[in-house]
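Work through the exercises below with the model open. Each task is followed by a stepwise solution.

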Amino acid sequence: MTRKHSVNRPPTPDGAEDQGNEPILQEIINIKLIESGEKERLMEMLRERLIECGWKDEMKALCRAYVKKKGRNNVTVDDLVHLITPKGRASVPDSVKAELLQRIRSFLTSAAL
Amino acid sequence: MCARNSIYTTPKPCKHLADYKLRHGFNTYYSIRNCLKTTPNGRTRVAKHTTKIPRCSFCDRYQGRLYFCLMCSSLWCPTHILLHTQSEKGHEVAIDMDRSELYCCLCCDQVYDPDFDKVVVCNQVKDLPGGSKSKTNGFEACGERSSKRKRLDSGIGLDLKKSKLLVSMRDRRAKSCYPLGLRGLNNLGSTCFMNSVLQALLHAPPLRNYFLNDRHNSIQCRKRSGEKLCLLCDIDAISSAMFSGDRTPYTPAHFLYSWWQHSSNLASYEEQDAHEFFISVLDGIHETESKIRNSGKDDGDCQCIAHRAFSGLLRSDVTCISCGFTSTTYDPCVDISLNMDTSNLSSSNANKPIKPDEKTELRDSSKQLSIRRLPLVLCLHIKRVEHSLVRKISRKINQYMQFPFSLDMTPYLSSSIVRSKFGNRIFTFEYDNSNSSAAYEIFAVIAHSGMLESGHYVTYLRLKNQWYKCDDAWISEVDEGIVRASQCYMLFYVQKLLYNEAIEDSSFVHISPRRDPFDSTAGCS
């Protein structure tokens with residue numbers, strides 16, 4: 001008799017329960033990045049690349065257009081963040097993503113994770 | 001004690017921030033001062049927790065924006081900070097940890113306070129490598145306004161009191177006639193480069209006024225220096241001829257001869273470069289005046305008319321990317337050369353001339369150019385030559401370039417660049433030249449048509465808001481569209497105040513006694 005697949009599935013993760021139990025790999029990596037100061041360096045590098053390729057200017061222009069439309073006093077920082085987050089994430093150049101990934105990979109090998 | 005900012009509008013604090021300040025003053029600002037950390041590119045963040053990773057007190061989130069409550073130092077993510085404000089009275093103001101910006105929890109928005117920015121800037125300055133010694137630091141009196149006020153007192157304006165004879169030469173001629181000072185120049189054999197520059201120079205308000213006010217008196221000059229050639233006397237002669245009212249084309253032969261003596265390497269009948277000629281004329285004027293005054297002063301503070309009109313100061317900052325140390329140098333300049341970006345054909349940049357605030361990567365450093373002191377007359381030279389290393393030839397870039405008639409130079413000032421380096425804080429830096437104008441109006445355009453070796457220069461002059469084309473001996477009225485469509489090579493802007501002065505007073509001409517003020521006005525009827 002073949003077992004039903006559902007039996008072999010791992011238990012459905014419960015959000016509240018999982019937090020604080022075993023940190024998942026992503027969290028461990030993140031913590032390591034922050035503790036070693038590498039995350040800060042990566043952020044600096046990322047900021048530079050995004051300025052160089054004109055991404056920052058594009059986002060600035062979007063924000064300006066929005067503020068112009070809504071009026072300076074009717075816009076909050078949160079509005080702007082919600083406005084440009086999807087567009088911003090989508091328009092990060094592939095070269096920047098590749099470089100970042102490369103840096104993280106080399107960090108991982110050096111940190112022997 | 002608030003750092004006032006005239007060019008940039010300071011946003012008003014929200015009611016909550018104002019209340020908060022009334023209650024607590026600057027105490028909390030000073031208390032976080034020690035937690036502020038600066039990165040080499042000028043970003044400041046709050047770094048209180050050196051061991052632990054900062055997390056939201058409610059949801060433990062550590063990614064994205066985190067706010068640091070100024071009252072109790074607790075940390076919150078944007079979603080949950082409102083909970084904190086609601087439960088604790090008086091905890092309304094927080095600070096964005098990554099950016100060091102104030103946040104009002106009740107308005108749910110970023111707010112700005114010059115006093116807070118002052119604390120941040122002072123801290124940034126302190127953290128800069130080579131801080132106390134570096135030139136960028138005029139901040140010993142952090143926040144105190146500089147008492148030095150540069151007045152726009154060039155002494156070059158039309159001098160009503162000192163003129164010998166003030167004659168109102170009402171334009172008795174028909175209205176179809178051109179304004180005073182407009183006169184064609186004959187071409188002496190490929191000298192259009194000279195004619196075009198002369199037209200622009202003689203109509204530059206400071207130079208125009210200088211010669212009209214008889215600041216260089218030929219008789220006295222000849223008495224002083226004997227029969228030696230004087231470039232200024234020759235330009236003075238051309239200026240008098242231009243403003244005499246005679247409309248027949250003038251032949252600047254004597255000037256050409258004098259100039260050949262000065263720049264013998266360029267003395268030929270070949271077509272020369274207008275920009276090169278322009279630099280050489282300014283140099284000639286400077287030398288001539290230095291000889292007269294016997295002063296060998298450097299371009300920086302030189303009082304010769306060429307430098308008084310055109311000299312500005314460029315600032316160059318070279319910053320090491322790794323450690324943030326910046327080396328600053330100042331260089332005087334009489335014009336700004338701009339490269340044409342042949343690769344960028346998009347229309348988004350079409351309205352802006354490409355500016356020299358480039359960042360060039362030299363190994364591990366970056367270089368930033370800005371303008372420390374603006375000149376009275378701003379000359380922009382558009383480099384229309386492209387050198388191909390592969391084919392080893394140079395060719396002219398014929399691409400059309402849009403340029404503005406009114407120019408605001410504020411973003412290119414050193415004060416603006418320095419400001420943005422510190423994160424655009426509301427703070428009066430030492431160099432804020434808020435009292436001197438950064439607004440310019442165009443008055444002359446030298447355009448080039450044709451190829452690199454064989455082309456033709458014309459000058460478009462803007463007098464009393466009407467454009468005129470000066471094509472050697474031929475002067476004609478043209479539409480502003482023609483000017484915009486031309487291949488601009490050199491653009492001449494003058495500070496707006498001088499421009500307005502010039503168009504107001506052009507009906508009055510100061511005449512010195514040696515000239516007959518009632519010359520017959522031949523030409524127009």
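Contact here means heavy atoms within 4.5 Å. The model is predicted.

**Exercise 1. Place His80(B) and list its contacts beyond its neighbours within four places in sequence.**

Solution.
1. Locate the residue. His80(B) sits in the loop that joins strand 4 to helix 3 (81–87) of chain B.
2. Apply the contact cut-off, leaving out neighbours within four places in sequence. His80(B) then touches Cys56(B), Phe58(B) and Cys59(B).
3. Classify it. Buried means under 20% relative accessible area. His80(B) has 15% relative accessibility, so it counts as buried.
4. Check one distance. The C-alpha atoms of His80(B) and Leu66(B) are 10.0 Å apart, with their positions 14 residues apart along the chain.

**Exercise 2. Give the strand order of the five-stranded open sheet in chain B, and find its edges.**

Solution.
1. Read the order. The strands run 4-3-5-6-7, with antiparallel pairing.
2. Find the edges. Strand 4 (75–76) and strand 7 (109–111) of chain B each have a single partner strand, so one side of each lacks a neighbour in the sheet.
3. Inspect one pairing. Strand 3 (residues 67–69) and strand 4 of chain B are antiparallel and share two bridges.
4. Name a bridge. Phe68(B) has Leu75(B), in strand 4 of chain B, as its bridge partner.

**Exercise 3. Is helix 6 of chain B buried or exposed?**

Solution.
1. Count. Eight of the eight residues of helix 6 (residues 205–212) of chain B are buried, so the helix is largely enclosed by the rest of the structure.
2. Name some. Among them are Pro205(B), Arg208(B), Asn209(B) and Tyr210(B).
3. Look past the end. Asp214(B) follows helix 6 of chain B and has a positive phi, near 60°.

**Exercise 4. Describe the interface between chain A and chain B.**

Solution.
1. Count residues. Chain A gives 15 residues to the contact and chain B gives 17 residues.
2. Take the area. The two chains bury about 1,400 Å² between them, 43% of it on carbon and sulfur atoms.
3. Find the main contributors in chain A. Arg47(A), Val77(A) and Asp78(A) lose the most area to chain B, together 30% of what that side buries.
4. Count the polar links. There are three salt bridges between chain A and chain B. A salt bridge joins the side chains of Glu40(A) and Arg45(B), at 3.1 Å from N to O.
5. Map chain A's side. Helix 3 (25–36), helix 4 (38–52) and helix 6 (77–90) of chain A are the elements that each give two or more residues to it.
6. Sort that side by type. Its residues are five nonpolar, three polar and seven charged.

Technical notes: Residues numbered from 1 in each chain as written. Chains lettered and ligands numbered in written order. Predicted model: local features only at pLDDT ≥ 70, side-chain atom pairs only at ≥ 80, totals over all residues. Heavy atoms only, no water. Buried area = accessible area lost by both parts, 1.4 Å probe. Salt bridge = Lys/Arg side-chain N within 4 Å of Asp/Glu carboxyl O. Helix = DSSP H or I, 4+ residues; strand = E, 2+ residues; numbered from the N terminus. Nonpolar A, V, L, I, M, F, W, Y, C, P; charged D, E, K, R; others polar. Buried < 20%, exposed > 50% of the residue type's maximum accessible area, 1.4 Å probe, protein only. Pairing = 2+ DSSP bridges.
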